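These are my notebook entries on one structure. I record what I looked up, in the order in which I looked.

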Amino acid sequence: MWEYAPAPESRDIANLKPNYRMFIDGQFVEGAGEPLKTVNPGTEEVLAEVSTAAPADVDKAVKAARRAYDRVWGKMPGSERAKYIFRIARLIQERSRELAVLESLDNGKPIKESRDVDVPTAAAHFFYHAGWADKLAYAGHGPDPRPLGVAGQVIPWNFPLMMAAWKIAPALATGNTVVIKPAETTPLSALVLAEIIQQADLPPGVVNILAGAGDVGAAVVSHPDVDKVAFTGSTEVGKIIQRQLAGTGRRLSLELGGKAANIVFDDAPLDQAVEGIVNGIFFNQGHVCCAGSRLLVQESVADELLEKLRVRVSTLRVGDPLDKNTDVGAINSREQLTKIQQLVETGDAEGAQRWTSACPLPDKGFYFAPTVFSNVSQAMRIAREEIFGPVLSVLTFRTPDEAVAKANNTPYGLSAGIWTEKGSRILWAAQKMRAGVVWANTFNRFDPTAPFGGYQESGFGREGGRTGLEAYLDV
Amino acid sequence: MAAPSTTPSLPPALADAVRDDASLRRFLHGLPGVDQVGVEQRAAGLGTRSIKKASKLWAIDTAIGMVDLTTLEGADTPGKVRSLAAKARRPDPDNPDVPKVAAVCVYPDMVETAVQELRGTGIDIASVATAFPSGRSSLKVKLEDTAYAVDAGATEIDMVIDRGAFLSGRYGQVFDEIVQVKHACGDAYLKVILETGELATYDNVRRASWLGLLAGGDFIKTSTGKVSPAATLPVTHVMLQAVRDWHTQTGELRGVKPAGGIRTTKDAIKYLVAVHEVAGPEWLTPTLFRFGASTLLNDLLMQRRTQLAGHYSGPDYVTVD
């Protein structure tokens, strides 16, 4: 047997500091909130202490953002704004290795993903939006679209840096200023992004980065002087925010949960479909709102496909997120691990057939072995609820209409995948799918030029592309 | 199509596939397609595996043992073949613990010399045959070419398929030729060269792979080395998937040999990772995976020295044969 020797990336590259502070009005400051300890989910050790915001700090940040908007950023020509945004993009590239290691330490995702996906995509979003800053008149949102003002943004723990980029880059390009709060369990990369923003010499107050738990996020989104709220996270919290903002006239975009169907027709390229299924649900430990968590496979190829899938999933290497050969890293928190375990138990109880990869798991840290449920029916909780973990539910269908009906039979509608060699079927199915993103013969590909967003309980508003600019413009 | 007596025994489902020309065509065209973007992405992704320390040394030794040390030039002479054979027996004179290579691969008229040099070493003698590299001759000549090499003592035959027949859809003809060459091989191992650079699409590579396996090829091999592109990682992925699927359906283990263009240890390790993770660990043996190469061996030897000594030496410390 050929065992790969450990090939860990050095954690020193992350330049971890014992304490991290919030970024308000161009300065790193202590918040008045109770400091939080952020944990490495791969080892359960404490990484650093982070100061958090009290309500007064939120107010300070919003005031700084307002000032920066009124005095500098709102009236700065787009071509000038672009220079700052380009600079941020380049600095992210320069510090990409540091950011990748830090992200894997704080989040638990494998280094190969933070290195090859998260950090490059974050830089790409800044590059892409920098290009738009002086061309907004040609974006199709009117001859002279105006910014909204101060944007309050709350982002999740699954792609901490990338989500910060998705939120901050379009807001800056369109002339808005930002108060953003990263997730409680993953604040570090956003606070290093604050260093980069300072390095890029962005005028004070244009971007303010707070830390803390849900209460800080609630204070940001409900602050009366915030003109625009952007939230990525759970549907449950999204609904609360929508209720709070109803009738205030403030703009809102939400990117929430999903239960995406990955549909494999019998004429699909099966080996690549297996890759796509694996990438769809085991990428980032399944902590992806657009994860292909429901596999819909045509009955005539179901056995063959499932056999191939199990063989492939067995080769996934689960373990140390910093090891360059790790395919599936650590679950982000104990809380999330418990949630996954509970939902998996309901799958067992409701009669689905469970298969789990026999891969070894580390003794310490939060890990969950890749799991595939077959014989799943639409009525089961594992087919309806977002598990947000490395757990795939497999359902079968007989006809294309049945596939579409089952795929759409969910309150969500964020993404979908179609696997077939027949071009006409791709177009047909994509049109019928109620999902914001439909991938054909691939899955989980992200590009700043492609708008991303959902239907129904997956939210509204788009991020990325020309369409995504609208969320930050007064049109 | 070939007479049933020469057709290899196959499980019922696959026996049907080779019943006649039309069945063979239906079978090959009924294989699942290969998505180009997907297979290339997977190959590139697996190529980022980081193989270090003991696992690297193991990979280097394993790769050395899988090399079909090759010389296929018009300028080949008995002297050249003798020095190649010496290299095959003892790749690194300073380090006698280096494993010997799997085989030496030569043209049919050089087989006799190779046999003399390699008798008793356990190193196989592979010979290309069937009007290599183009395959453009009559079946009679191809069979005689094969018989010539086998009679001279070749223990492995690397045949080329008739790409013209394949590309014009005459799968039955290609099948028959392989079956008959296999027959002419007797006990010698048969490697079927698909010349993937001329087949152009991954769908064709998959079909040709299955054709070679159905007709009884012990190995499927990417290239002659005379056509560019020769072996590539994604093509090898598709062929590894074919032998894995073949194993699932028949229980038999068949081999894969990428040839041409693999020159560095780094590349060779990427191939071994693909063998390990696409086909499976049981394929990591010279009986099921080979590298068709000449310059690769010296790079493997240099990297091996580096691993053991902790520093690089240089090309003058390995022998040029």
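Entry 1, domains. By a domain I mean here a stretch whose bounds come from an automatic or database domain assignment. The model is a predicted one, and I began with chain A. The assignment gives domain 1 as 11-256 + 454-474 and domain 2 as 261-440. I then looked up the separation of the C-alpha centres of domain 1 and domain 2 of chain A, and found 29 Å.

Entry 2, the contact between the domains. I found that domain 1 of chain A contributes 23 residues and domain 2 of chain A contributes 27 residues. On the side of domain 1 of chain A that touches domain 2 of chain A, helices α3 (96-107) and α4 (111-132) each supply at least two residues. I sorted the residues of that side of domain 1 of chain A by character and noted six nonpolar, ten polar and seven charged.

Entry 3, helix α8 of chain A. Which residues of helix α8 (residues 235-245) of chain A are buried? I listed Thr235(A), Gly238(A) and Ile241(A). Looking down the axis of α8(A), I saw that the buried residues line one face of the helix, because they fall within an arc of 115°. I next turned to the face of α8(A) directed away from the buried side, where I noted the exposed residues Glu236(A) and Arg243(A). What covers the buried residues of α8(A)? I found that the cover includes α7 (214-221), β10 (228-232), β11 (251-255) and β19 (459-460) of chain A. I also checked the backbone just after α8(A), where Gly247(A) takes a positive phi of about 85°.

Entry 4, the contact between the chains. I counted 20 residues from chain A and 22 residues from chain B in this contact. Helix α9 (residues 270-282) of chain A provides five residues, the largest share of the side of chain A that touches chain B. That side of chain A divides into eight nonpolar, six polar and six charged residues.

Entry 5, confidence. I noted that the predictor assigns the complex an ipTM of 0.94 and a pTM of 0.96. For chain B, I recorded an average pLDDT of 95, with 98% of the residues scoring at least 70. Where does pLDDT stay under 50 in chain B? I located this over residues 2-6 of chain B, for which the model has seven contacts beyond four places in sequence. I add a caution: where pLDDT is low, the predicted coordinates should not be read in detail.

Notes:
Residues are numbered from 1 along each chain as its sequence is written. Chains are lettered from A and ligands numbered from 1 in the order in which they are written. This is a predicted model: local features need pLDDT of at least 70, side-chain atom pairs count only at pLDDT 80 or more; totals for chains, interfaces and linings use all residues. pLDDT is the predictor's confidence in each residue, from 0 to 100. Ala, Val, Leu, Ile, Met, Phe, Trp, Tyr, Cys and Pro count as nonpolar, Asp, Glu, Lys and Arg as charged, and the others, Gly among them, as polar. A residue is buried if 20 or more other C-beta atoms lie within 10 Å of its own, exposed if 12 or fewer, and partly exposed in between; C-beta atoms are placed from the backbone. The arc is that of the directions from the helix axis to the C-beta atoms.
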